[in-house]
Amino acid sequence: MVLYVNIMLSDTGKEQAKSWTRELVDLALKCDGTYYLVYQLYPTSDQLRKAYPHVDDFFKQKKSL
């Protein structure tokens, strides 16, 4: 599933978006899914690593280039 949303750019709007984004990521993870790596870094580090278990290897390889 892909969602296209507009968020308010105020501090409150961004905080609200961060909150519901993290909730949606948790729901995807509960269904053994992943999520699209978006521009905003709203998902937590734990959520990222659960969805993409090899992400640290990717970052390590990227850093070595």
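**Exercise 1. Find which residues Ala 28 touches, leaving out those up to four places away in sequence.**

Start by placing the residue: in this predicted model, Ala 28 sits in helix H1. Next, list its contacts, skipping anything up to four places away in sequence; that leaves Gly 33 and Thr 34. Finally, look back along the chain to Met 1, 27 residues away, where the C-alpha to C-alpha separation from Ala 28 is 9.8 Å.

**Exercise 2. Work out which residues make up the largest nonpolar core, and which helices supply at least two of them.**

Step one is the membership: the core has 6 residues, namely Val 25, Leu 29, Tyr 35, Leu 48, Ala 51 and Val 55. Step two is the origin: helix H1 (11-30) and helix H2 (45-51) each put in at least two of these residues. Step three is a close-up of one member, Leu 29: beyond its neighbours within four places in sequence, Leu 29 is in contact with Gln 47, Lys 50 and Ala 51. As background, nonpolar side chains in soluble globular proteins tend to be buried together.

**Exercise 3. Count the aromatic pairs and classify each one by its ring geometry.**

The count is 2. Take Tyr 35 and Tyr 52: the centres are 5.8 Å apart and the planes make 75°, so with the cut-off for edge-to-face at over 60 degrees, this pair is edge-to-face. Now check where the two rings come from. Tyr 35 is in the loop between H1 and H2, while Tyr 52 is in the loop between H2 and helix H3 (55-64), so the pair links distant parts of the chain, 17 residues apart.

For Phe 58 and Phe 59, the centres are 5.6 Å apart and the planes are at 55°, so this pair is tilted.

**Exercise 4. For each of the four rings, decide: buried, partly exposed or exposed?**

You need the cut-offs here: under 20% relative accessible area is buried, over 50% is exposed, and anything in between is partly exposed. Tyr 35 has 13%, so it counts as buried. Tyr 52 has 26%, so it is partly exposed. Phe 58 comes out at 46%, which makes it partly exposed, and Phe 59, at 40%, is partly exposed too.

**Exercise 5. Zoom out and describe the whole protein: how many helices and strands does it have, and what share of residues is buried?**

Elements go first: 3 helices and 0 strands, running α-α-α from the N terminus. Then burial: 18% of the 65 residues count as buried. For the surface, the accessible area is about 5,900 Å², with 58% belonging to carbon and sulfur atoms. Last, charges: there are 9 positive and 8 negative side chains, and the centres of the two sets lie 6 Å apart.

Key
Residues are numbered from 1 along each chain as its sequence is written. This is a predicted model: local features need pLDDT of at least 70, side-chain atom pairs count only at pLDDT 80 or more; totals for chains, interfaces and linings use all residues. Side-chain values use heavy atoms; hydrogens and water are left out. Helices (H or I, at least four residues) and strands (E, at least two) are DSSP runs, numbered from the N terminus. Buried means under 20% relative accessible area, exposed over 50%, partly exposed in between (1.4 Å probe, protein chains only). Accessible areas come from the Shrake-Rupley method with a 1.4 Å probe; for residues, only the protein chains shown count as cover. Lys and Arg count as positive and Asp and Glu as negative; His and the chain ends are not counted. The place of a charge is taken as NZ of Lys, CZ of Arg, CG of Asp or CD of Glu. A nonpolar core is a set of buried Ala, Val, Leu, Ile, Met, Phe, Trp, Tyr and Cys residues joined through side-chain atoms within 4.5 Å. Contact means heavy atoms within 4.5 Å. Rings of Phe, Tyr and Trp (its six-membered ring) pair if their centres lie within 6.5 Å; planes under 30 degrees apart count as stacked, over 60 as edge-to-face and the rest as tilted.
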